[in-house]
Amino acid sequence: YYAGSLCGHAESSTFANCGSESTAVGMSVDGAAGFIGVAIDCDIYNCYNLGDVQGAGKASGFVGVEQDNCRFINCYSSCKVKNTSETAGLSSPFAFEEAIETIDNCYYDSTLFYATNTDYWGQVNDSVIAATTDYIKSEAFINQLNHVVDSLNSVQDTIEYTKWVAGQFSNYPKFNPEEESAVVNVMNGKLDVLSFNVYSDGKTLYIKALNQGVTPLYNHVGQ
């Protein structure tokens, strides 16, 4: 089973305005990913990962396995990716090319990825943009992310994508904790708008909700 820092297994779901900063460690041959282990027919918009990844078999900086045409827009991953296999393995700074329908304005940290991947070469999707650590921490990068946020919000009726700001201690782009966000959760073909934020402090996963509601959460084996 794939391990994911934010979610191990997700199907027909939308992730928006989410961030992960926890280390993902996969002990099985499937491996690990920094954000979601397995994503099936998912929309992942305006999200980031800053947690390092260690996995056997496969190790990916953002999503490990994609199925049924996943879509990624305005996301970035800045982390060390280490494949712990002693015989063979693959590493990817963002996602493996399996079933990706759309990748738009998504980035990986080339400084950190190539510093930890000298023995095992991995797949780099051509649509994912390489950026140095310094650029990811720059005002220009935040402005680029927010330009896409404005474009997304201009055509949406229900989803409000959150603007990015520089992190207080690291300068990595993060979300303003005072700004709420609306996340659309797809369940049984019906769209339900739930107002909540999901974030991690490195050890604990927090869910901050404005309204009462129900949303599925999966562990690292998809249960």
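## Cysteines, salt bridges and strands in a predicted model

The structure holds 0 disulfides, a disulfide being a pair of cysteine sulfur atoms within 2.5 Å. This is a predicted model, in which local features need pLDDT of at least 70, side-chain atom pairs count only at pLDDT 80 or more, and totals for chains, interfaces and linings use all residues. Residues are numbered from 1 along each chain as its sequence is written, and side-chain values use heavy atoms, with hydrogens and water left out.

### Cysteines

Why is Cys-18 not bonded to Cys-47? The Cys-47 sulfur is the closest cysteine sulfur to that of Cys-18, but at 4.5 Å the two are too far apart for a bond. Cys-18 is buried, with a relative accessible area of 4%; here buried means under 20% relative accessible area, exposed means over 50%, and partly exposed is in between (1.4 Å probe, protein chains only). Cys-42 is in no disulfide either, and its nearest cysteine sulfur, in Cys-70, is 5.1 Å away. Cys-42 also counts as buried, at 0% relative accessibility.

### Salt bridges

Side chains of opposite charge can pair when their charged atoms come close. How many salt bridges does a search of the whole structure find? There are 4, counting a side-chain nitrogen of Lys or Arg within 4 Å of a carboxyl oxygen of Asp or Glu. Here are some of them:

| Salt bridge | Closest N to O distance |
|---|---|
| Glu-21 and Lys-174 | 3.2 Å |
| Arg-71 and Asp-41 | 3.0 Å |
| Lys-163 and Asp-150 | 3.2 Å |

Take Glu-21 and Lys-174, which meet in a salt bridge. This pair links distant parts of the chain, 153 residues apart: Glu-21 is in the loop between β4 and β5 (24-26), and Lys-174 is in strand β21 (residues 173-175). Helices (H or I, at least four residues) and strands (E, at least two) are DSSP runs, numbered from the N terminus. Glu-21 is partly exposed, at 27% relative accessible area.

Next come Arg-71 and Asp-41, with their closest N and O atoms 3.0 Å apart. They too link distant parts of the chain, with Arg-71 in strand β13 (residues 70-73) and Asp-41 in the loop between β7 (36-40) and β8 (43-45), 30 residues apart. Arg-71 counts as buried at 15% relative accessibility, whereas Asp-41 is partly exposed at 31%.

As for Lys-163 and Asp-150, Lys-163 lies in the loop between α3 (139-154) and β20 (164-166) and Asp-150 in helix α3, so the pair ties together parts that are 13 residues apart in sequence. Both residues are partly exposed, Lys-163 at 32% and Asp-150 at 41%. Through shared partners, salt bridges also join Asp-41, Asp-43 and Arg-71 into one network.

### Strands

In which order do the 5 strands of the open sheet stand? They run β4-β9-β14-β18-β19, with parallel pairing; two strands pair if DSSP finds at least two bridges between them. β4 (19-20) and β19 (129-131) stand at the edges with a single partner strand each, so one side of each has no neighbour in the sheet. The partner of β4 in the parallel sense is β9 (residues 48-49), over 2 bridges, and Ser-20 stands opposite Asn-49 in β9.

Another parallel pair is β2 and β7, joined by 4 bridges. Within it, Ala-10 stands opposite Ala-39 in β7. Strand β2 (residues 7-11) is mostly covered, with 4 of its 5 residues buried.
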